[in-house]
Amino acid sequence: MYDQYSMDDTTRKEEPQWHAFLEKELNLQQYEFATAEDRALLGLAGPGSGKTRALVYRAANLIKSGIRPDQLLLLTFTNKAAGEMKERLERLLGFLPGDLWAGTFHSIGARILRRHASLLGRSANFSIFDEDDSRALLKQILSSLDVDSQDRKLLMQRGFLGRVISQARNSDLKIKDLMEEEYPYRLEFLGLIEETIVLYEQRKRESNAFDFDDLLLCWLKLFEQHPEIRDRYQERFLHVLVDEFQDTNIIQARIIDLFGNASSVCVVGDDAQSIYAFRYAHIGNILSFPEKYESCRLVRMEQNYRSTPQIVELANASIGHNREQLPKKLFSKKPVGEKPLVAKVSDSRQEASFVLQCIWELQNNGIPLDEIAVLYRSSYLTPELEFALSRKGISYRTYGGVKFFQKAHIRDLLAYLRIVHNPGDENAWRRIAVLQKGFGNATFDKLWSGLKEQVNPLDAAIAGGIRPARGKNGWEALCSTLTAIAERKDEAVSSLIDIILENNYDDILRQNYPDQYEERLQGIERLAIYAERFDSLDSFLESLVLEESVFADTASAPEAFGGQLTLSTIHSAKGKEWDTVFIIGMNQGHFPSQRTAGNSLDEERRLFYVAATRARYYLYMSTYREDFRQYGSVSEGPSLFLRELPSSCYKLMDYDYGSSYY
C-alpha cells in the first residue's frame, strides 16, 4: 500500500484477509475512508454514522499496511475519546501499540513541551495552571498594581479578565482588536489589561508553569521558532489523524497545517455539529479544509445507525436552513418509528407536567429512566421541572455543573501535592498557606518574597530558615505536613493523600465544612481511589489538569429503580445518546436566544440539530404560550427552529391543562 515501508511476509499474506474483514465490518463510505491513500482526507461524518469506528479502523489499517505505530499521531478532544480509541484499536489488532502517540491536543502539547521545556524558559517538571490557578494569579497581579478596588472587581467579575486574555490568544487576535470588537464597554481598561498580561507571563515563568492555553500556543511557538524540532516531528509522524475537527480553534488548525507540509493529514468531523464557538472553536477550519489541502478527498459518511428515519428526516430538514455548510444528507435504515412530537403548553409549569406524564407513560412501556434525557439551551430553563421531579420523587442527575476536582477541598489536597512536585508553584503555596491559622495574603506575600529567592522553596521551608512574623503555629503545622509528604513522595499517591489528612488537613476540613465534613471526606476518599491508577505523582497531577470530566460527583444521588433521569444542557449532551429525548423551552428568545443573529443563528441551529440527533426512538419538543421565567409573561412564540420545519416532520399536540400531572 505505502511503498516506502516494506511489509513482512506474514503481513502480505494477511492483507487480502484483512481487507475482506474491513469490507464486512464497514459500510462503503467507512471502508473508503479507512483505506484511502490520499495525503489529505476529510471524513464528513454525521451524527450516529460511526466516525470513531471509521477512524480507529483507519489507524488499524495503516498499521496493518506496514506503517509503524510510532509514525502515527492521533489527536482527540477528550481523554475519554482517546481512551476509547485505544481500547478499540487493541481489540482490533489484538495488541495495543505501546509507542502510539494518542491523546488530546493539550496532552500531546504537554508531552512535547516537557521534552523541550528549556527552549521556552521552563524546566521539564513545570506545573500546568488550570482556569482557577490563572484566575488566582491574575487577581494577585491586580492587587499588586495601583488599581481601584471597584475597577479590580469589575475586571475579575465572572472571570472577565481571564476570559479576554484566553479568547485573544486562542483566536490569534490582539487584545486591542478583541476589546474594540466584543468588549467596547471595557476599553478604558485596555492599558491595564496589557500591563497585566506582561506581568502574568513573567509570573508564570517565575513559577515554572504554563497555563492551559500555553500547551497549544507554546507548542506552535516551538515549531515556528525552532524548525529543526518541527522537522523532527514531521519526519516521525507520517500520518496525523484528528478527531472532531469541527471543534478545533485557529491555533490547533495552524499546528495541523505545520504537519500537513510533510505528513499525511486525515481529519474527521461534522460542520453541522460545530457548537463550541464560545470555546473559540472555528468552523472555518473544517469548511475550508477541502480547499486548503490540494487534492483532498472528501468522504461523506451519511448512514445514521442511531436514530429512526423520522428523527433523521427532522434533523435534515432543520440543518438544511444553514447558509454555510458542507452539504450532506443523513439516512437511516432502522425500522420506521414514531414521528417526533411538538407539544404546545400554556407555560413552563405545564411544560414540566407534560414531561412528567410522558416519563410515566414511557416507564410503563418499559423504558428505564437512564434511557431518558431532558435537554435545554440554558440551565435557567429547568427550575419548574426540577421542582416537579423532586415532588414526585424522581431521581435525576444534571450535566454542565462544577467538576469534582474544581471543588475547594479537592483543590486544597492537590495544592499540597503540587508543591512537592514543583516547589516553585506560587499558587499552590498560597492556597494552602492561607488555610493555616493566623495566615492571610499579606503574611504570605512577605514570606514568599524570601522563599522564592531560594533554589528550592520547599527545602528552605522545611529547614526552618525562613519563617513568618505572624501565624507561626499554622506555619509549623504546614511545614510538618509537607515534610511528611516529601519524605515519602515516591510512595503511592493515595498514601500521600492519607498523610495530608492525618497531619493537619483533617482539622481544616472539620473547621471549614462542619456541616459537610462527611460528604467532603468521601470525596477525598474517591480522589485517593482514583489516584491508585497512576504510578507516579507527576502523571497523576497532569491527568487531573488535562482530564475534562474527572468524576461526575454522584455520591449523594439516591439510587432509583431504572437508574436516573438525565437533565443536561445541549452542549454537555454532545457525544451521548438516549432512547428518548425531550427538548424543552423551544421558544423564540430562549432557543434561539434574543441575542442571536447571523453566524450565531447558524450555530444555534446546529445546536438544535445536535439535540435532536441524541434520540434513538422518541423525540419530544415543547413550546409554551406564556413565559414567566423572564420579566413579564409575554412569549415571543414558538422557536424559529420549529416554525421552519415542514409540518410533515412532526406531530403537533395541544396539551390540555386539565391533564396536569403534578
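Me: Before we get to the pocket, what counts as a helix or a strand here?

Reply: A helix is a DSSP run of at least four residues and a strand is one of at least two, numbered from the N terminus. Keep in mind that this is a predicted model.

Me: Okay, which elements supply at least two residues each to the lining of the second largest pocket?

Reply: Helix H4 (79-93), strand E3 (101-104), helix H5 (105-115) and helix H26 (537-546). H4 gives the largest share, 5 residues.

Me: What makes a residue part of that lining, and which ones are closest to the centre of the pocket?

Reply: A lining residue has an atom within 4 Å of a point of the pocket. For the second largest pocket, 23 residues pass that test, and Asn-79, Lys-86, Ala-102, Phe-534 and Ser-543 are the closest to its centre. The space inside is about 680 Å³, and the lining divides into 10 nonpolar, 7 polar and 6 charged residues.

Me: Why is H17 called oblique to H18?

Reply: Helix H17 (residues 348-364) and helix H18 (residues 383-392) pack at about 45 degrees, with their axes 8 Å apart. Angles under 35 degrees count as roughly parallel and 65 to 115 as roughly perpendicular. An angle of about 45 degrees fits neither, so H17 is oblique to H18. Their crossing is right-handed.

Me: How do you know which residues make that contact?

Reply: Contact means heavy atoms within 4.5 Å. On the H17 side that picks out Ser-348, Arg-349, Ala-352, Val-355 and Leu-356, and on the H18 side Glu-384, Leu-385, Ala-388, Leu-389 and Lys-392. By class, the contact of H17 with H18 has 6 nonpolar, 1 polar and 3 charged residues.

Me: And what makes H2 oblique to H3?

Reply: The angle between helix H2 (residues 28-35) and helix H3 (residues 51-64) is about 40 degrees, with the axes 8 Å apart. Roughly parallel would need an angle under 35 degrees, so H2 ends up oblique to H3. This crossing is right-handed. Gln-30, Phe-33, Ala-34 and Thr-35 of H2 meet Ala-54, Leu-55, Tyr-57, Arg-58 and Asn-61 of H3.

Me: What makes Tyr-280 worth a look?

Reply: Most residues other than glycine have a negative phi. Tyr-280 is not a glycine, yet its phi is positive, about 75 degrees. Tyr-280 sits in the loop between strand E7 (264-269) and helix H14 (284-287).

Me: Which peptide bond is cis?

Reply: The one joining Phe-591 and Pro-592, with omega about 5 degrees. Most peptide bonds are trans. Pro-592 lies in the loop between strand E13 (578-583) and helix H28 (599-612).

Methods: Residues numbered from 1 in each chain as written. Predicted model: local features only at pLDDT ≥ 70, side-chain atom pairs only at ≥ 80, totals over all residues. Heavy atoms only, no water. Axes fitted to C-alpha atoms, helices over the stretch in contact; angles between N-to-C directions. Parallel < 35°, antiparallel > 145°, perpendicular 65-115°, else oblique. Left-handed = near helix turned anticlockwise from the far one by under 90°. Nonpolar A, V, L, I, M, F, W, Y, C, P; charged D, E, K, R; others polar. 1 Å grid on protein atoms, 1.4 Å probe; cavity = no way out; pocket = protein on both sides within 12 Å on 5 of 7 lines; lining within 4 Å. Points joined across faces, edges and corners; volume = space filled by probe spheres on them.
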